[in-house]
Amino acid sequence: MIYADNAATTKIDPIALDVMISVLKEQYANPSQPYSFAQEAKKQVEEARATIANCINAYPEEIFFTSGGTESDNWAIKNYGMESLITSSIEHHAILNAAEFVARQGSQVTILPVDKNGYAETNILGELLEKTGAKLVSVMCANNEIGSIQDIKGISNIVHEYDALFHSDAVQAVGHIKVDVKAMGIDMLSASAHKFNGPKGIGFMYIKNGVNKSSFICGGAQENNLRAGTENVASIVGMAVALKNNIQNIDEHQRNISLLETRLIDRLNASKIDFLKNGGDNKLPGNISLSFKGYEGEAILHRLDLKGICVSTGSACDSKRTQISHVIKAIGLDREYAEGTIRISLGKDNTVEEIDYIADSIISIVGV
Ligand code: PLP
């Protein structure tokens, strides 16, 4: 089996897994209890918080543990976007569906379009902020389908000129490209452990000191009274280990993955197949969105699956016609290419041999 769907989820870091098993076995106390056995678990949670904060240049008290990217995104939109909100057309559904929810409650939601490479049209952002008086702008750091990396610093500068708050869904970015919340001017950020070789069902929300905080999940006093529920200690600790390990080797991973990506594209180009590579130059290494003229993405996915290769699609068939993803629609791709979109997302464990096999398999499926 060749796993090339790392934007969907990643394999757990073996060191993180070992640490988690030991926490599950040995440190099972509820961190809120006052006795010393529980205080050890509490200490592990706080050490993990400090490690994570350090990885994105935040302060520990600005990190709040959540169940993952979806929850963090919901927290941002539902707590800060209830009045008015601007978000981009290519956000993950965790943002877009939460935006629809707040729109139904009366919030004024405005969609910021993207260009043909998936970059937000920042030239009209100021005008939109002026016109709508939006209180929150949410634009993702990097797109999950085509990998486009936004000019986060440029966007946050504009947002702050209009005294609005800036949230960024950094689920695909954290652990893969350098994220510095202070340098990038981010007020709130969502991240998810399973995208950076941590466990599933755990993530975090960064909320900058000074931003008015309100609780998202009500209950006990955990997470400084903002996110109730007994802490998932093992997963929190595993997430911190995985993130630290990824960030320690981030340059090397990026270099290797970029080389693999170039090798794959060179091989496909040499075969003279009619395809487009989506997204611009500033994109996540290894997030490769390809559109094959005259094919259906889902059919390619199933044929690759038969060859033992896991990828994703940018379109899905239903009984009537192929449904093209909102991201591929937003970049305005011609339908004859759009229907044939797949996403290959490479990770730090992929090898040259695997890339050659993936390229040869694609050529055998869509080649002339
Ligand atoms: N945001 C983006 C950009 C994602 O890619 C994903 C997952 O695919 C999510 C949010 C949701 O994250 P989670 O799976 O942790 O809920």
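Visitor: Which helix gives the largest share of the shell around the ligand?

Guide: Helix α3 (residues 69-80) does, with 3 residues; a helix here is a DSSP run of H or I with at least four residues, numbered from the N terminus. This is a predicted model, in which local features need pLDDT of at least 70, side-chain atom pairs count only at pLDDT 80 or more, and totals for chains, interfaces and linings use all residues. Residues are numbered from 1 along each chain as its sequence is written, and side-chain values use heavy atoms, with hydrogens and water left out.

Visitor: What makes a residue one of the 13 that surround the ligand?

Guide: One of its heavy atoms must lie within 4 Å of the molecule. The closest of the 13 are Thr 70, Asp 169, Gln 172, Ser 192 and Lys 195.

Visitor: Why is the pair formed by Ser 192 and the ligand called a polar contact?

Guide: A polar side-chain atom of Ser 192 lies 2.6 Å from an oxygen atom of the ligand, and a polar contact is a pair of N or O atoms within 3.5 Å, so the pair qualifies. Ligand oxygen atoms also lie 2.8 Å from a side-chain N or O atom of Gln 172 and 2.9 Å from one of His 194.

Visitor: Why is Arg 104 called exposed?

Guide: Its relative accessible area is 60%. Exposed means over 50%, with buried under 20% and partly exposed in between (1.4 Å probe, protein chains only), so Arg 104 counts as exposed. Arg 104 lies in helix α4 (residues 93-104).

Key
A polar contact is a pair of N or O atoms within 3.5 Å; within protein, one must be able to donate a hydrogen and the other to accept it, and residues adjacent in sequence count only if both atoms are side-chain atoms. Helices (H or I, at least four residues) and strands (E, at least two) are DSSP runs, numbered from the N terminus.
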